[in-house]
Amino acid sequence: MLNRKWACVRVPKLGDVKFRLTRPLGGRIKNASIRTDSSGRWYVSFGVHLGRTATPPNGHPPVGVDFGVKQTAYLSDETEPRLMPQTLTEGEKQRLTGLQRRKERQIVQAKKHRGGRYSNRLRRTLRAIAELKARQARRRLDFTHKLTTDLAKNHGLVAIEDLRVKQMTRSASGTRAAPGVHVSQKAALNRAILDNLPGERRRQLVYKCPAYGSDLSLVHPARTSQTCGVCHLWDPASRVSRDRFICAGCGHTDDADHNASVVILRRALRGPAGTTSAAGHCGEQHAPAGHARPAMPRTRAGRTREPLNPSSGTARLPVDIEGYKESQQVTAGRMSRKNRVSGHGRGTSKLTP
């Protein structure tokens, strides 16, 4: 350490490298990792042994959280959603649009006159785009850290959905022989989902909850948006719009995301039948042994989905494994083969720098 702002790390084959200190290390250094972002900036992070013992339970009340796209996070004990601020200002958005148009023009010129080779101006344009993208990513990650820290620090139990992000954001482009449908709409939805960092939120909660004396519970995401948080009736007709939920049984009216957060919390409090530990599809090493995600209930052999059309089948669904009621108007359904699309992307040629 040189002073309070600068320090030095010895890198194999490079020697001593000076770096900017952003916070005191405060422990015995175990390892160091060096990485770079899209803008070309280099970062070093240290694994530090602090010698802390297990944090006792903080005694705060539990909370259910519904992470979304339009509304970033809706907590079951709050009346307003948490919204992510704009990661780029209006001026930065206009600059990014202009840079992307300039990049396309320069790529055309490179193909036409330079045989596909990048010019120095094109490289500067790509660097400027990368810097804006990196700035956007830092702001997005900063908000995510603040959100997850607040959840873990001020609640004794944090219940979230056990989402399969890779399956949710699978491409709908299909193949050349069988092209997909609504490809651009699905691509925009995938970008919106990934822009909210659902996997990163879960990864941060896995290690922040034990550090602040709280527990993380992962519940089944099926039917949380179509189940009433008061009478626990499951009916797809209750979700009248994206933001509105009106129960078809008891008439309970609420914001759809807030109602889903209440359902998530109730499932987490039901016990092992409706909850899981922090060990899910991405990181069983972070959870105690013996905990695994329970199997989803299946009505028939093969892959099944939540019915998109209540009249698309005749088989009855069994009583929900978590004890929720079932509307008498809901029947099982299965997606037809002609609507299935492959996840393979279209092969497009790219320029090589």
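Guide: A residue counts as buried when its relative accessible area is under 20%, as exposed when that area is over 50%, and as partly exposed in between. The structure above is a predicted model, and histidine 232 is a suitable place to begin. With a relative accessible area of 17%, histidine 232 falls under the cut-off and is therefore buried.

Visitor: Where does histidine 232 lie?

Guide: Histidine 232 lies in the loop between β8 and β9, the latter spanning 233–234. Its backbone also deserves attention. In general, most residues other than glycine have a negative phi. Histidine 232 has a positive phi of about 65°, although it is not a glycine.

Visitor: Lysine 13 is not a glycine and has a positive phi as well. Is lysine 13 buried or exposed?

Guide: Lysine 13 is exposed, because its relative accessible area is 90%, over the 50% limit. Its phi is about 70°. The residue sits in the loop between β1 (6–11) and β2 (15–20).

Visitor: I should like to turn to the interior. Which residues of the largest nonpolar core touch the most other members?

Guide: A core of this kind is read as a set of contacts among buried nonpolar side chains. In this model the largest one has 17 residues, and those that touch the most other members are Val65, Phe67, Leu151, Val158, Ile160, Leu205 and Leu216. At least two residues of the core come from each of β5 (63–67), β6 (73–75), α2 (120–153), β7 (157–161), α5 (198–211) and β8 (215–219).

Visitor: Which element gives the largest share of this core?

Guide: Helix α2 does, with four residues.

Visitor: How should one read residues that are apart in sequence but brought together in space?

Guide: One sets the separation along the chain beside the distance between C-alpha atoms. Leucine 218, in strand β8, is 46 residues from isoleucine 264 along the chain, and their C-alpha atoms are separated by 8.8 Å. At 0% relative accessibility, leucine 218 counts as buried. A further pair is alanine 211 and lysine 153, which are 58 residues apart in sequence and 8.6 Å apart from C-alpha to C-alpha. Alanine 211 belongs to helix α5 and is partly exposed, with a relative accessible area of 39%.

Visitor: Where does tyrosine 118 lie, and is it buried or exposed?

Guide: Tyrosine 118 is in the loop between α1 (90–113) and α2. It counts as buried because its relative accessibility is 17%. Isoleucine 107 is eleven residues away along the chain, with 7.7 Å between the two C-alpha atoms.

Visitor: Let us consider charges. How many salt bridges does the structure hold?

Guide: There are 17 salt bridges. One of them joins lysine 93 to glutamate 90, at 4.0 Å from N to O.

Visitor: Why are lysine 93 and glutamate 90 separated by about one helical turn?

Guide: The reason is their spacing: they are three residues apart in helix α1. Both ends are partly exposed, lysine 93 at 34% relative accessibility and glutamate 90 at 47%.

Visitor: Which salt bridge links distant parts of the chain?

Guide: One such pair is arginine 140 and aspartate 195, whose closest N and O atoms are 2.7 Å apart. Arginine 140 is in helix α2 and aspartate 195 in helix α4 (residues 183–195), with their positions 55 residues apart in sequence. Arginine 140 is buried, with a relative accessible area of 14%, whereas aspartate 195 is partly exposed at 27%.

Visitor: How does the bridge between aspartate 162 and arginine 164 read?

Guide: Its closest N and O atoms are 3.3 Å apart. Aspartate 162 counts as buried, at 1% relative accessibility, and arginine 164 is partly exposed, with a relative accessible area of 27%.

Visitor: Which residues are linked in a network of salt bridges?

Guide: Lys70, Arg242, Asp243 and Asp257 form such a network.

Visitor: Finally, which residues form a positive surface patch?

Guide: A patch of this kind joins like charges on residues that have no salt bridge. Here Arg95, Arg101, Arg102 and Arg105 form a positive one. Arginine 95 lies in helix α1 and counts as partly exposed, at 47% relative accessibility.

How values were computed. Residues numbered from 1 in each chain as written. Predicted model: local features only at pLDDT ≥ 70, side-chain atom pairs only at ≥ 80, totals over all residues. Heavy atoms only, no water. Core = buried A, V, L, I, M, F, W, Y, C linked by side-chain atoms within 4.5 Å. Buried < 20%, exposed > 50% of the residue type's maximum accessible area, 1.4 Å probe, protein only. Patch = residues over 30% accessible without salt bridge, like charges linked within 9 Å, V, L, I, M, F, W, Y side chains within 5 Å. Areas by Shrake-Rupley, 256 points an atom, 1.4 Å probe, with all protein chains shown as cover. Salt bridge = Lys/Arg side-chain N within 4 Å of Asp/Glu carboxyl O. Lys, Arg positive; Asp, Glu negative; His and termini not counted. Charge placed at Lys NZ, Arg CZ, Asp CG, Glu CD.
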